[in-house]
Amino acid sequence: MSETAKRLLRRIEAIDTAAAENRTRAEAYRRMTEELDAATGTATSPDGVVTVVAGPDGSVKEITFSGQVRAVQPAELSAGLLHTIAQARAAAARAQAEMVRRVLGDTELLDEVLAENARMFGDQRPVDPGPRAPSAVAVVQDGRPRPRAAARRPRPLDDDGFEDFRVLGR
């Protein structure tokens, strides 16, 4: 075989190898896309009252309350729920980042793309809210809530001085 034929054969083999690598990479990207679409993040409140599952876009997919929910004041439940939702969203974002890094590796390109998305579209990554602030309500042994500090009742409105008050002018 001539030298020219050998070079041509090596080039063909290199093209075949590159094509096979491209097919492998394309399959990895396809799998990654499917995994990203299915990514979720789950978080449970420290007291175990609420568990939240967030989807890849940050949407809330599921909220589950434990039986302890009856012993929690509504304001405390609301604060715990919002905090747990934020944690679940951050967990979903971390799961997606790990999937991308597993396929692409720890690249500067990924960080540049995420930064550009944030700049152009305002697409901010969810931030983990960290530990929750101490509760304003303590649950006693019998399961009934008891305020930690005595709450002040609002003072009743003084009805004096409203005799000339008119809603609509005449």
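Trainee: Of the 170 residues of the protein chain, what share counts as buried?

Mentor: The share is 19% of the 170 residues. The model is predicted, and a residue enters that share when its relative accessible area is under 20%.

Trainee: What makes up the secondary structure of the protein chain?

Mentor: It comes to 3 helices and 5 strands. Along the sequence, these elements follow the pattern α-β-β-β-α-α-β-β.

Trainee: Why is Val-52 called buried?

Mentor: The limit for burial is under 20% relative accessible area. Val-52 has a value of 0%, so this residue is buried. Its place is in strand β2.

Trainee: What does Val-52 touch, leaving aside its neighbours within four places in sequence?

Mentor: Contact requires heavy atoms within 4.5 Å. By that criterion, Val-52 is in contact with Gly-41, Thr-42, Ala-43, Val-60, Glu-62, Ile-63, Leu-81, Thr-84, Ile-85 and Ala-88. As regards Ile-63, this residue stands 11 residues from Val-52 along the chain, and their C-alpha atoms are separated by 4.6 Å.

Trainee: How do you know that Thr-84 is buried?

Mentor: Thr-84 has a relative accessible area of 0%, to be set against the limit of under 20%. Thr-84 is therefore buried. The residue lies in helix α2, and, apart from neighbours within four places in sequence, it is in contact with Ala-43, Thr-44, Ser-45, Val-50 and Val-52.

Trainee: Which residues form the largest nonpolar core, and what makes such a set a core?

Mentor: The 7 residues are Ala-43, Val-50, Val-52, Ala-54, Leu-81, Ile-85 and Ala-88. A set of buried residues of the nonpolar kinds is called a core because its members are joined through side-chain atoms within 4.5 Å. Strand β2 (50-54) and helix α2 (74-104) each supply at least two residues of this core. There is also a second, separate core of 5 residues, among them Met-32, Leu-36, Met-99 and Val-100.

Trainee: How do you know that β1 and β2 are paired?

Mentor: Two strands pair if there are at least two bridges between them. β1 and β2 are joined by 4 bridges, and they run antiparallel. The criterion of at least two is therefore met. One partnership across these strands involves Thr-42, whose bridge partner in β2 is Val-53.

Trainee: Why are β1 and β3 described as standing at the edges?

Mentor: The open sheet has 3 strands in the order β1-β2-β3, with antiparallel pairing. β1 (41-44) and β3 (60-65) each have a single partner strand, so one side of each is left without a neighbour in the sheet. From one strand to the next, the twist averages 10°.

Trainee: What makes a space in this structure a cavity, and how many of 30 Å³ or more does the structure hold?

Mentor: A space is called a cavity because a 1.4 Å probe fits there but cannot get out. The structure holds 1 cavity of 30 Å³ or more. The volume of the largest cavity is about 40 Å³, and its lining is formed by Ser-45, Asp-47, Val-49, Val-50, Val-72, Glu-76, Leu-77, Gly-80, Leu-81 and Arg-132.

Trainee: Which element supplies the largest share of that lining?

Mentor: Helix α2 does, with 4 residues. Leu-81 and Val-50 appear in this lining and also in the largest nonpolar core.

Definitions and conventions: Residues numbered from 1 in each chain as written. Predicted model: local features only at pLDDT ≥ 70, side-chain atom pairs only at ≥ 80, totals over all residues. Heavy atoms only, no water. Buried < 20%, exposed > 50% of the residue type's maximum accessible area, 1.4 Å probe, protein only. Axes fitted to C-alpha atoms, helices over the stretch in contact; angles between N-to-C directions. 1 Å grid on protein atoms, 1.4 Å probe; cavity = no way out; pocket = protein on both sides within 12 Å on 5 of 7 lines; lining within 4 Å. Points joined across faces, edges and corners; volume = space filled by probe spheres on them.
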